[in-house]
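Please look over the sequence and the structure below, and then follow the account from one end of a helix into the packing around it.

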Amino acid sequence: SKSIRDVIKEYIEFRVLDYKHGNLSRINDANQQKTSIHLLRQIKRASWFWLEYCGNKEVEKIDNSTLKNYASWRRDYYHKIPEVKRPKNIRTNPANKTLEWEFKYAKTVLKFAKERGYLGNKSVPNFKYKANRRLVCPVFTVLEYSKLCIRRRKWINETKNESWHYTRE
């Protein structure tokens, strides 16, 4: 059996090779699903947290409960480190989208392990992370909206250039 650490290492090597091959062939780039340098950076960042969380655990022992407990572990991660030892430019509380991406990454690694036969007959866990809150921009009040409409009409008529006037309309 393999540890999740070994599987993640193998997966990153696979993605690095995919990145290198993708740079060699630049024909019809829009249709090719190649690993970009930015995706590779994100993969390495997310894998660091997963290695800290369950790196020595055997891959076939990772189940829905392991995945479920990751969110609370991840939220507490930087709070357990003294402030002077924390890396610079980090958010102590990860955004919901960050956690969502890290869960998708973990499921991708587990699917990779399944394809390689490291899970045996066991299926990939079906846990899905659902953000408990959504940040939505507040709506305009009626007064704010009417002020915007009045100012927009004035702004349209402020220009003497016909093409600008048309664009503003």
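In this predicted model, helix H4 is followed by Gly 117, a residue whose phi is positive, near 85°. Helix H4 itself covers residues 96-115, and because each of its 20 residues should add 1.5 Å, a span of 28 Å is expected, which agrees with the 29 Å that separates its end C-alpha atoms.

Many positions along this helix can be followed inward: the buried residues of H4 include Asn 96, Leu 99, Glu 102, Phe 103, Tyr 105, Ala 106 and Val 109. As background to such a list, an α-helix has 3.6 residues a turn, so residues three or four places apart point the same way.

The largest nonpolar core holds 29 residues, of which Ile 4, Trp 50, Leu 67, Phe 103 and Tyr 105 touch the most other members. Helix H1 (4-24), helix H2 (37-54), H3 and H4 are the elements that give two or more residues to this core, and H4 gives the most, with eight residues. Tyr 105 shows some of this packing in detail, since residues beyond four places away in sequence that it touches include Ile 8, Tyr 11, Ile 12, Ile 43, Ala 46 and Trp 50.

A charged side chain offers another view of H4. Arg 74 is found in helix H3, residues 64-77, and with a relative accessible area of 4% it counts as buried, because that value lies under 20%. The side chain of Arg 74 makes a polar contact, at 3.0 Å, with the side chain of Glu 102, which is itself among the buried residues of H4. Beyond its sequence neighbors, Arg 74 also touches Arg 45, Phe 49, Pro 94, Thr 98 and Leu 99, among others.

Notes
Residues are numbered from 1 along each chain as its sequence is written. This is a predicted model: local features need pLDDT of at least 70, side-chain atom pairs count only at pLDDT 80 or more; totals for chains, interfaces and linings use all residues. Side-chain values use heavy atoms; hydrogens and water are left out. Helices (H or I, at least four residues) and strands (E, at least two) are DSSP runs, numbered from the N terminus. Buried means under 20% relative accessible area, exposed over 50%, partly exposed in between (1.4 Å probe, protein chains only). A polar contact is a pair of N or O atoms within 3.5 Å; within protein, one must be able to donate a hydrogen and the other to accept it, and residues adjacent in sequence count only if both atoms are side-chain atoms. Contact means heavy atoms within 4.5 Å. The expected span of a helix is 1.5 Å times one less than its number of residues. A nonpolar core is a set of buried Ala, Val, Leu, Ile, Met, Phe, Trp, Tyr and Cys residues joined through side-chain atoms within 4.5 Å.
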